[in-house]
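Reader: I'd love a close look at a single part of this protein, explained with a bench biochemist in mind. Please start with one helix pair and work outward from there.

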Amino acid sequence: MEEKNPAPAREVNKYKEYARRVIEHHFGTRPRRIEHQSAGLTNFVYFAQHTEGKFIVRISPRPESINSFIKEQWSQLAAQKAGVPTAEILEVGVSVIPQPYMITRNIEGHPAAIHPERLSIVRQMGEIAERINSVKTHGFGATFEWSNNLLSLNNSWKGYLENEYRYQEKLECLEKRRLLNKKTSREIERIFRQAVRLKPKPSLSHGDIRLKNVIVDGNGKIAAILDWENATSNLSPAWELSLALHDLGIDEKQSFIEGYGITRKKLLDATPLIKAFNILNYAGEVDRTVAAKDRKGLDRVRLRFEGTFDLYSFCG
C-alpha cells in the first residue's frame with residue numbers, strides 16, 4: 001500500500017474533482033461520494049462510492065506516469081492468469097483529465113501488516129511470488145511486453161545490470177560514503193562480474209511483495225496483491241527475494257521460502273546475488289540521506305551493512 005501524500009488541501013481538493021470526473025466518465029453518472037485516502041506518496045488516491053459499487057481512483061501529477069499505469073495493468077492481468085489475486089483494473093487513461101489515472105474495484109479486507117496470522121500470510125505471499133515469477137517475459141528491466149517501445153528493451157541480462165540497474169554506479173555510491181569495507185566491495189563486484197555472464201530467462205517480478213502491499217480477509221487469506229508500479233522483467237528468484245525478504249523476521253523469511261517452494265540448494269546458489277542486490281538497493285536511500293544531511297540515517301544503514309543484525313551465522 002502506498003505511503004501518505006503530504007499534499008496541501010487545495011491540491012487534494014483539485015484532484016478530488018478530477019476523481020469525480022473520472023468516475024462520471026466511466027460509469028455515465030456521478031459518484032455518491034468521493035473521499036481522499038491517506039495514502040499515495042506519488043499519487044493522489046480517492047475512494048469512490050457509486051451505484052455500481054466501490055472503487056479506488058489513483059491520479060498521478062506526472063504525465064509520464066501513464067506508462068507506469070499501463071505497466072501495472074499488463075502485469076496484473078498476466079499475474080491473474082497465473083492465479084494471483086489482484087485488484088480489478090477497470091480503466092487506465094489520460095483523456096478525461098489532464099493527468100494519468102487508474103480506476104480499480106475496491107478490495108474488501110484488512111492490511112496484512114496488522115493481521116495476527118502473519119506466518120500464514122507470509123507463506124501465502126511466497127506461494128504467490130512463485131506464481132508471479134512463473135510468468136514468462138521478454139527482455140530485462142522496467143520495459144517489457146507492456147510497452148510498444150521496443151527500442152527501450154534490454155534484450156540481455158548483462159545490458160540490464162550495466163545500463164539500467166547500473167550496479168557499478170550503486171557500488172561506487174556506497175564506497176564513496178564509506179559504507180562498505182574493501183573486502184565487501186570486492187566481493188560484491190566479483191558477484192556481479194559473474195552475474196553478467198549468466199544467460200537467464202526473464203520472468204515477471206512484482207518487485208515489492210511485502211506485507212504493506214497485501215490485503216487479506218478476516219481469516220488471513222490473501223485477497224489481493226497491490227501496488228505493481230515496481231514490476232519488472234527480471235531474474236527469478238534472486239530479484240524478487242532480495243526485496244520480498246528484506247524486512248521480514250527470520251521465521252517469516254523461512255515461511256516465505258517454504259511457500260515459494262525453492263530448494264535449499266537453489267536458495268544457497270542464489271543467496272550471494274540476493275545479498276548483493278539487497279545491499280546495492282540502498283544506494284538511492286543513501287543519496288537521499290546524504291542530501292538531507294541525515295547522519296543518523298546514514299549510521300542506521302552502516303549498522304546494517306556491518307552485519308550487526310545477523311545473529312545466526314559467523315563470517316570468517
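At what angle do helix α6 and helix α9 pack?

Author: Happy to help! This is a predicted model, in which local features need pLDDT of at least 70 and side-chain atom pairs count only at pLDDT 80 or more, while totals for chains, interfaces and linings use all residues. Residues are numbered from 1 along each chain as its sequence is written, and side-chain values use heavy atoms, with hydrogens and water left out.

Helix α6 (residues 182-195) and helix α9 (residues 264-280) pack at about 115°, and their axes are 10 Å apart. Helices here are DSSP runs of H or I with at least four residues, strands are E runs of at least two, and both are numbered from the N terminus. An axis is a line fitted to C-alpha atoms, for helices over the stretch in contact, and the angle runs from 0 to 180 degrees between N-to-C directions. The crossing of α6 with α9 is left-handed, a term for a near helix turned anticlockwise from the far one by less than a right angle (right-handed if clockwise).

From α6, the residues in the contact are I188, I191, F192 and A195, and they meet P272, L273, A276, F277, I279 and L280 of α9. Contact means heavy atoms within 4.5 Å. By class, this contact has 10 nonpolar residues, no polar and no charged. Nonpolar covers Ala, Val, Leu, Ile, Met, Phe, Trp, Tyr, Cys and Pro; Asp, Glu, Lys and Arg are charged, and the others, Gly among them, are polar.

F192 also turns up in the largest nonpolar core, which has 62 residues; L161, F192 and F256 have the most contacts inside it. Such a core is a set of buried Ala, Val, Leu, Ile, Met, Phe, Trp, Tyr and Cys residues joined through side-chain atoms within 4.5 Å. Buried means under 20% relative accessible area, exposed over 50%, and partly exposed in between (1.4 Å probe, protein chains only). Leaving aside residues up to four places away in sequence, L161 touches R166, Y167, F192, A195, V196 and F277. Apart from this core lies another, of 17 residues, including Y46 and I97.

R166, one of the neighbours of L161, sits in the loop between α4 (157-164) and α5 (167-176). R166 has a positive phi of about 55° although it is not a glycine, and with 42% relative accessibility it counts as partly exposed. In the loop between α5 and α6, R178 also has a positive phi, near 55°; because its relative accessibility is 71%, R178 counts as exposed. As background, most residues other than glycine have a negative phi.

For another helix pair, look at α3 (residues 118-133) and α8 (residues 250-260), whose axes come within 7 Å and cross at roughly 40°. That makes α3 oblique to α8; angles under 35 degrees count as roughly parallel, over 145 as roughly antiparallel, 65 to 115 as roughly perpendicular and the rest as oblique. This crossing of α3 and α8 is right-handed. Among the residues that meet are L119, V122 and R123 in α3 and S255 and F256 in α8. The contact of α3 with α8 divides into 6 nonpolar, 4 polar and 7 charged residues. S255 counts as buried, at 9% relative accessibility, and touches L119, V122 and R123, not counting residues up to four places away in sequence.
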